[in-house]
Amino acid sequence: MGNALNHYLKPDVTPGPDVVPSFDPMLGFASRKERVMIATEEEMVSAKLTPKERDYCAHKLLAYRGCRAEKFPFVYQCAHEKHDYLTCEYEDYVLRMKEFERERRLLERQKRLDKQG
Amino acid sequence: MSALMKSLSLVKKLSAVNPALQAHIVRNLAGWNKDYKPGPYPKTEKEREAAAKKYYLLPEEYKPYADDGLGYGDYPKVGGGLGVEHKDNYYPYDYPEIKRNFNEPISVDHDLYSEDRYSQPDYPRYSKSYYMLCFAGVMGGCLALYYWLEDKKMYRPVAAKQYPADGVKHYTFER
(Lines give C-alpha, C1' and ligand atoms only; values in the text may rest on other atoms or scores of the structure.)
Protein backbone atom coordinates (compact mmCIF):
# COMPACT_ATOMS: atom_id res chain seq x y z
CA MET A 1 0.00 0.00 0.00
CA GLY A 2 2.42 2.58 -1.22
CA ASN A 3 -0.37 5.15 -1.30
CA ALA A 4 -0.46 5.30 2.52
CA LEU A 5 3.29 5.98 2.62
CA ASN A 6 3.00 8.53 -0.17
CA HIS A 7 0.12 10.16 1.66
CA TYR A 8 2.56 10.76 4.51
CA LEU A 9 5.62 11.68 2.44
CA LYS A 10 3.85 13.71 -0.30
CA PRO A 11 0.53 14.76 1.23
CA ASP A 12 0.01 17.55 -1.33
CA VAL A 13 -0.13 15.26 -4.37
CA THR A 14 -1.61 12.07 -2.86
CA PRO A 15 -5.38 11.90 -2.44
CA GLY A 16 -6.65 10.58 0.87
CA PRO A 17 -8.98 7.65 1.46
CA ASP A 18 -12.31 7.73 -0.43
CA VAL A 19 -11.44 10.98 -2.15
CA VAL A 20 -14.16 12.87 -3.98
CA PRO A 21 -12.60 14.06 -7.27
CA SER A 22 -12.02 17.80 -7.06
CA PHE A 23 -11.21 18.51 -10.70
CA ASP A 24 -13.62 19.10 -13.56
CA PRO A 25 -14.61 15.61 -14.77
CA MET A 26 -14.35 16.75 -18.40
CA LEU A 27 -10.79 18.08 -17.99
CA GLY A 28 -8.68 16.47 -20.73
CA PHE A 29 -11.64 14.72 -22.33
CA ALA A 30 -13.26 15.69 -25.62
CA SER A 31 -16.29 13.62 -24.71
CA ARG A 32 -17.00 11.31 -21.84
CA LYS A 33 -19.74 8.73 -21.44
CA GLU A 34 -22.10 9.48 -18.60
CA ARG A 35 -23.03 6.70 -16.18
CA VAL A 36 -26.70 5.82 -16.36
CA MET A 37 -28.79 4.61 -13.49
CA ILE A 38 -31.16 1.98 -14.85
CA ALA A 39 -33.06 0.86 -11.74
CA THR A 40 -35.70 3.35 -10.67
CA GLU A 41 -36.26 4.65 -7.17
CA GLU A 42 -39.61 2.81 -6.91
CA GLU A 43 -38.01 -0.52 -7.89
CA MET A 44 -35.26 -0.12 -5.32
CA VAL A 45 -37.72 0.90 -2.60
CA SER A 46 -40.03 -2.03 -3.29
CA ALA A 47 -37.08 -4.44 -3.28
CA LYS A 48 -35.90 -2.89 0.02
CA LEU A 49 -32.36 -2.33 -1.22
CA THR A 50 -30.12 -0.89 1.45
CA PRO A 51 -28.59 2.53 0.74
CA LYS A 52 -25.26 0.84 0.07
CA GLU A 53 -26.79 -1.34 -2.64
CA ARG A 54 -28.38 1.57 -4.52
CA ASP A 55 -25.41 2.10 -6.82
CA TYR A 56 -25.11 1.93 -10.60
CA CYS A 57 -25.31 -1.89 -10.48
CA ALA A 58 -28.66 -1.96 -8.66
CA HIS A 59 -30.58 -3.21 -11.72
CA LYS A 60 -28.34 -6.27 -11.92
CA LEU A 61 -28.76 -6.92 -8.22
CA LEU A 62 -32.52 -6.69 -8.69
CA ALA A 63 -32.32 -9.19 -11.56
CA TYR A 64 -30.24 -11.55 -9.44
CA ARG A 65 -32.53 -11.31 -6.42
CA GLY A 66 -35.58 -11.78 -8.63
CA CYS A 67 -34.02 -14.84 -10.22
CA ARG A 68 -33.26 -16.31 -6.83
CA ALA A 69 -36.82 -15.77 -5.67
CA GLU A 70 -38.12 -17.37 -8.83
CA LYS A 71 -35.81 -20.38 -9.02
CA PHE A 72 -35.53 -21.21 -5.33
CA PRO A 73 -34.32 -23.76 -4.24
CA PHE A 74 -32.48 -24.34 -7.51
CA VAL A 75 -30.52 -21.12 -7.12
CA TYR A 76 -27.54 -22.46 -9.06
CA GLN A 77 -29.58 -21.52 -12.13
CA CYS A 78 -28.90 -17.86 -11.24
CA ALA A 79 -25.15 -18.25 -11.64
CA HIS A 80 -25.14 -15.99 -14.69
CA GLU A 81 -27.09 -13.23 -12.97
CA LYS A 82 -24.79 -13.41 -9.99
CA HIS A 83 -21.70 -13.29 -12.16
CA ASP A 84 -23.16 -10.38 -14.08
CA TYR A 85 -23.79 -8.44 -10.88
CA LEU A 86 -20.38 -9.19 -9.37
CA THR A 87 -18.63 -8.23 -12.61
CA CYS A 88 -20.53 -4.95 -12.58
CA GLU A 89 -19.39 -4.29 -9.00
CA TYR A 90 -15.82 -5.18 -9.94
CA GLU A 91 -15.87 -2.76 -12.82
CA ASP A 92 -17.30 -0.11 -10.54
CA TYR A 93 -14.35 -0.68 -8.22
CA VAL A 94 -11.90 -0.44 -11.11
CA LEU A 95 -13.53 2.85 -12.05
CA ARG A 96 -12.94 4.10 -8.51
CA MET A 97 -9.28 3.10 -8.79
CA LYS A 98 -9.05 4.98 -12.08
CA GLU A 99 -10.67 8.06 -10.56
CA PHE A 100 -8.16 7.96 -7.70
CA GLU A 101 -5.26 7.72 -10.13
CA ARG A 102 -6.70 10.52 -12.27
CA GLU A 103 -7.03 12.71 -9.17
CA ARG A 104 -3.46 11.93 -8.16
CA ARG A 105 -2.03 12.73 -11.60
CA LEU A 106 -4.06 15.92 -11.91
CA LEU A 107 -2.82 17.04 -8.48
CA GLU A 108 0.77 16.47 -9.62
CA ARG A 109 0.08 18.33 -12.84
CA GLN A 110 -1.46 21.22 -10.88
CA LYS A 111 1.61 21.37 -8.67
CA ARG A 112 3.89 21.40 -11.70
CA LEU A 113 1.88 24.17 -13.36
CA ASP A 114 1.85 26.23 -10.16
CA LYS A 115 5.63 25.95 -9.93
CA GLN A 116 6.03 27.17 -13.48
CA GLY A 117 3.92 30.17 -12.52
CA MET B 1 -19.87 -60.12 31.60
CA SER B 2 -16.35 -61.47 31.88
CA ALA B 3 -15.00 -57.92 32.02
CA LEU B 4 -17.35 -57.21 34.90
CA MET B 5 -16.20 -60.32 36.75
CA LYS B 6 -12.59 -59.41 36.11
CA SER B 7 -13.01 -55.92 37.55
CA LEU B 8 -14.89 -57.40 40.51
CA SER B 9 -11.99 -59.76 41.23
CA LEU B 10 -9.60 -56.82 40.90
CA VAL B 11 -11.62 -54.95 43.53
CA LYS B 12 -11.47 -58.03 45.77
CA LYS B 13 -7.71 -58.27 45.38
CA LEU B 14 -7.23 -54.56 46.09
CA SER B 15 -9.44 -54.61 49.17
CA ALA B 16 -7.59 -57.68 50.44
CA VAL B 17 -4.33 -55.71 50.24
CA ASN B 18 -5.76 -52.54 51.82
CA PRO B 19 -9.15 -52.96 53.52
CA ALA B 20 -9.38 -49.20 54.19
CA LEU B 21 -9.34 -48.49 50.46
CA GLN B 22 -12.89 -49.67 49.88
CA ALA B 23 -14.24 -47.52 52.69
CA HIS B 24 -12.23 -44.60 51.37
CA ILE B 25 -13.61 -44.99 47.83
CA VAL B 26 -17.19 -45.28 49.07
CA ARG B 27 -16.73 -42.24 51.31
CA ASN B 28 -15.28 -40.22 48.41
CA LEU B 29 -18.23 -41.05 46.19
CA ALA B 30 -20.38 -38.78 48.34
CA GLY B 31 -20.17 -35.05 47.70
CA TRP B 32 -20.44 -34.31 51.41
CA ASN B 33 -19.67 -36.53 54.35
CA LYS B 34 -20.17 -36.06 58.04
CA ASP B 35 -16.78 -37.63 58.68
CA TYR B 36 -15.10 -34.58 57.12
CA LYS B 37 -16.98 -32.17 59.36
CA PRO B 38 -15.08 -30.84 62.36
CA GLY B 39 -16.43 -31.71 65.81
CA PRO B 40 -17.91 -29.22 68.29
CA TYR B 41 -15.68 -26.63 69.99
CA PRO B 42 -13.67 -28.27 72.83
CA LYS B 43 -14.63 -26.85 76.21
CA THR B 44 -12.83 -28.95 78.79
CA GLU B 45 -9.10 -29.70 78.91
CA LYS B 46 -9.84 -33.34 78.17
CA GLU B 47 -11.77 -32.43 75.05
CA ARG B 48 -8.93 -30.16 73.94
CA GLU B 49 -6.44 -32.98 74.23
CA ALA B 50 -8.73 -35.37 72.37
CA ALA B 51 -9.20 -32.80 69.58
CA ALA B 52 -5.43 -32.19 69.36
CA LYS B 53 -4.86 -35.89 69.05
CA LYS B 54 -7.56 -36.13 66.40
CA TYR B 55 -5.71 -33.57 64.26
CA TYR B 56 -2.27 -35.08 64.98
CA LEU B 57 -1.10 -31.99 66.85
CA LEU B 58 0.67 -31.60 70.18
CA PRO B 59 -1.71 -30.21 72.86
CA GLU B 60 0.42 -27.05 73.20
CA GLU B 61 0.33 -26.56 69.41
CA TYR B 62 -3.42 -27.03 69.17
CA LYS B 63 -5.35 -23.78 68.98
CA PRO B 64 -8.96 -23.84 67.72
CA TYR B 65 -10.77 -20.91 66.13
CA ALA B 66 -12.71 -18.68 68.52
CA ASP B 67 -16.18 -20.04 69.22
CA ASP B 68 -18.01 -16.84 68.24
CA GLY B 69 -20.43 -18.36 65.78
CA LEU B 70 -18.06 -17.79 62.84
CA GLY B 71 -15.48 -20.40 63.92
CA TYR B 72 -14.81 -23.86 62.61
CA GLY B 73 -15.65 -26.04 65.63
CA ASP B 74 -12.60 -27.92 66.85
CA TYR B 75 -10.65 -27.41 63.64
CA PRO B 76 -7.15 -26.19 64.52
CA LYS B 77 -5.88 -22.76 63.52
CA VAL B 78 -2.88 -23.43 61.34
CA GLY B 79 -1.84 -20.59 59.09
CA GLY B 80 -1.18 -20.86 55.41
CA GLY B 81 2.45 -20.02 56.11
CA LEU B 82 4.12 -18.55 53.06
CA GLY B 83 1.92 -20.57 50.75
CA VAL B 84 2.56 -23.93 49.15
CA GLU B 85 4.71 -22.29 46.49
CA HIS B 86 7.35 -21.48 49.10
CA LYS B 87 7.61 -24.97 50.51
CA ASP B 88 10.79 -26.84 49.71
CA ASN B 89 10.62 -28.49 46.32
CA TYR B 90 13.14 -31.21 47.15
CA TYR B 91 11.83 -32.47 50.49
CA PRO B 92 10.53 -36.05 50.17
CA TYR B 93 6.86 -35.34 50.92
CA ASP B 94 4.35 -38.12 51.29
CA TYR B 95 2.23 -36.30 48.69
CA PRO B 96 4.80 -34.48 46.59
CA GLU B 97 2.20 -33.08 44.18
CA ILE B 98 0.60 -31.00 46.96
CA LYS B 99 3.76 -30.86 49.11
CA ARG B 100 2.03 -32.34 52.10
CA ASN B 101 2.95 -35.07 54.55
CA PHE B 102 0.59 -37.72 55.80
CA ASN B 103 -1.76 -36.27 58.45
CA GLU B 104 -0.09 -32.89 58.28
CA PRO B 105 -2.70 -30.34 59.44
CA ILE B 106 -3.69 -27.93 56.70
CA SER B 107 -5.14 -24.46 56.89
CA VAL B 108 -8.87 -23.82 56.71
CA ASP B 109 -8.07 -21.58 53.74
CA HIS B 110 -6.03 -24.28 52.08
CA ASP B 111 -7.65 -23.66 48.72
CA LEU B 112 -6.36 -20.07 48.95
CA TYR B 113 -2.77 -21.12 49.56
CA SER B 114 -2.41 -23.92 47.00
CA GLU B 115 0.41 -23.65 44.54
CA ASP B 116 -1.57 -21.96 41.79
CA ARG B 117 -3.01 -19.36 44.19
CA TYR B 118 -1.77 -16.85 46.71
CA SER B 119 1.71 -16.94 48.16
CA GLN B 120 3.70 -14.44 50.13
CA PRO B 121 6.03 -13.29 47.42
CA ASP B 122 9.81 -13.31 47.49
CA TYR B 123 11.65 -10.08 47.03
CA PRO B 124 11.05 -8.99 43.43
CA ARG B 125 13.94 -9.37 41.03
CA TYR B 126 14.16 -5.65 40.14
CA SER B 127 13.43 -2.46 42.03
CA LYS B 128 9.99 -0.89 42.00
CA SER B 129 11.20 2.14 40.01
CA TYR B 130 12.51 -0.20 37.31
CA TYR B 131 9.11 -1.86 37.01
CA MET B 132 7.43 1.54 36.87
CA LEU B 133 9.85 2.63 34.16
CA CYS B 134 9.12 -0.50 32.12
CA PHE B 135 5.39 0.04 32.47
CA ALA B 136 5.61 3.71 31.53
CA GLY B 137 7.95 2.87 28.65
CA VAL B 138 5.68 0.27 27.11
CA MET B 139 2.46 2.24 27.67
CA GLY B 140 4.04 5.52 26.62
CA GLY B 141 5.54 3.90 23.54
CA CYS B 142 2.21 2.45 22.54
CA LEU B 143 0.40 5.75 23.14
CA ALA B 144 3.05 7.74 21.27
CA LEU B 145 2.77 5.39 18.29
CA TYR B 146 -0.99 5.59 18.47
CA TYR B 147 -1.11 9.38 18.45
CA TRP B 148 1.65 9.73 15.88
CA LEU B 149 -0.14 7.32 13.49
CA GLU B 150 -3.58 8.81 14.23
CA ASP B 151 -3.79 10.66 10.88
CA LYS B 152 -1.64 8.21 8.92
CA LYS B 153 -4.19 5.61 7.95
CA MET B 154 -3.71 2.67 5.67
CA TYR B 155 -6.25 2.81 2.87
CA ARG B 156 -6.91 1.44 -0.57
CA PRO B 157 -6.12 3.75 -3.47
CA VAL B 158 -9.73 4.21 -4.58
CA ALA B 159 -11.95 7.24 -4.90
CA ALA B 160 -15.31 7.45 -3.14
CA LYS B 161 -17.99 5.07 -4.40
CA GLN B 162 -20.31 6.76 -6.85
CA TYR B 163 -24.01 6.78 -6.03
CA PRO B 164 -26.59 8.25 -8.33
CA ALA B 165 -28.18 11.38 -6.90
CA ASP B 166 -30.07 14.41 -8.13
CA GLY B 167 -27.82 16.97 -9.75
CA VAL B 168 -24.72 14.74 -9.64
CA LYS B 169 -23.17 13.48 -12.85
CA HIS B 170 -20.76 10.58 -12.97
CA TYR B 171 -18.72 9.54 -15.96
CA THR B 172 -17.00 6.40 -17.16
CA PHE B 173 -13.62 6.55 -18.87
CA GLU B 174 -15.12 5.63 -22.23
CA ARG B 175 -15.62 8.13 -24.99
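# Close-up views of salt bridges, rings and the chain interface

**D12(A), with a relative accessible area of 43%, is a partly exposed member of the pair shown in this view.** The model drawn here and in the views that follow is a predicted one. A search of the whole structure returns 18 salt bridges over all chains, and the pair in this view is formed by the side chains of K111(A) and D12(A), with 3.1 Å from N to O. This pair links distant parts of the chain, since K111(A) belongs to helix 4 of chain A while D12(A) sits in the loop between helix 1 and helix 2 (41-46) of chain A, the two being 99 residues apart. K111(A) has a relative accessibility of 39%, a value that falls between the limits of 20% and 50%, and K111(A) is therefore classed as partly exposed.

**The side chains of E99(A) and R32(A) meet in a salt bridge.** The N to O distance is 3.0 Å, and this pair also links distant parts of the chain, with E99(A) in helix 4 of chain A and R32(A) in the loop between helix 1 and helix 2 of chain A, 67 residues apart. Both E99(A) and R32(A) are buried. R32(A) has aromatic partners as well: R32(A) lies over the face of F29(A), at 4.5 Å from the ring centre, and over the face of F173(B), a ring of the other chain, at 4.6 Å from the ring centre.

**K161(B) forms a salt bridge with D92(A) across the two chains.** The closest N and O atoms of K161(B) and D92(A) are 2.9 Å apart. The pair runs from K161(B), in the segment after helix 5 (128-148) of chain B, to D92(A), in helix 4 of chain A. The partners fall into separate classes of accessibility: K161(B), at 24%, counts as partly exposed, whereas D92(A), at 2%, counts as buried because its value is under 20%. K161(B) also meets E89(A) in a salt bridge between side chains, with 3.2 Å from N to O. These residues belong to a network of salt bridges that links R35(A), D55(A), E89(A), D92(A) and K161(B). As a general matter, side chains of opposite charge can pair when their charged atoms come close.

**The contact between the chains takes 36 residues from chain A and 21 residues from chain B.** The area buried between chain A and chain B is about 3000 Å², and carbon and sulfur atoms give 61% of this area. Four salt bridges are found across the interface of chain A and chain B, together with 15 residue pairs in polar contact, counted where both residues have pLDDT 80 or more. On the side of chain A that touches chain B, the elements giving two or more residues are helix 1 (2-9) and helix 4 (79-116) of chain A. Helix 4 of chain A supplies the largest share of that side, 10 residues.

**N3(A), in helix 1 of chain A, is shown with its surroundings.** At 11% relative accessibility, N3(A) counts as buried. A polar atom of the N3(A) side chain lies 2.7 Å from the backbone oxygen of Y155(B). When neighbours within four places in sequence are left aside, N3(A) is in contact with T14(A) of its own chain and with Y155(B), R156(B) and P157(B) of chain B.

**Aromatic pairs, of which a search of the whole structure finds 10 over all chains, are illustrated by tyrosine rings of chain B.** The rings of Y65(B) and Y72(B) have centres 4.9 Å apart and planes at 70°, an angle over the 60 degrees required, so the pair is edge-to-face. Y65(B) counts as buried at 17% relative accessibility, while Y72(B), at 37%, counts as partly exposed. Y126(B) and Y131(B) form a further edge-to-face pair, with 6.0 Å from centre to centre and 65° between the planes. Y126(B) is partly exposed at 37% relative accessibility, and Y131(B) is likewise partly exposed at 37%. Together with Y130(B), the residues Y126(B) and Y131(B) form one aromatic cluster.

Terms used: Residues are numbered from 1 along each chain as its sequence is written. Chains are lettered from A and ligands numbered from 1 in the order in which they are written. Side-chain values use heavy atoms; hydrogens and water are left out. Rings of Phe, Tyr and Trp (its six-membered ring) pair if their centres lie within 6.5 Å; planes under 30 degrees apart count as stacked, over 60 as edge-to-face and the rest as tilted. Buried means under 20% relative accessible area, exposed over 50%, partly exposed in between (1.4 Å probe, protein chains only). A charge sits over a ring if NZ of Lys or CZ of Arg is within 6 Å of the ring centre and within 35 degrees of the ring normal. Contact means heavy atoms within 4.5 Å. Buried area is the accessible area (1.4 Å probe) that two parts lose on being put together, summed over both. A polar contact is a pair of N or O atoms within 3.5 Å; within protein, one must be able to donate a hydrogen and the other to accept it, and residues adjacent in sequence count only if both atoms are side-chain atoms. Helices (H or I, at least four residues) and strands (E, at least two) are DSSP runs, numbered from the N terminus.
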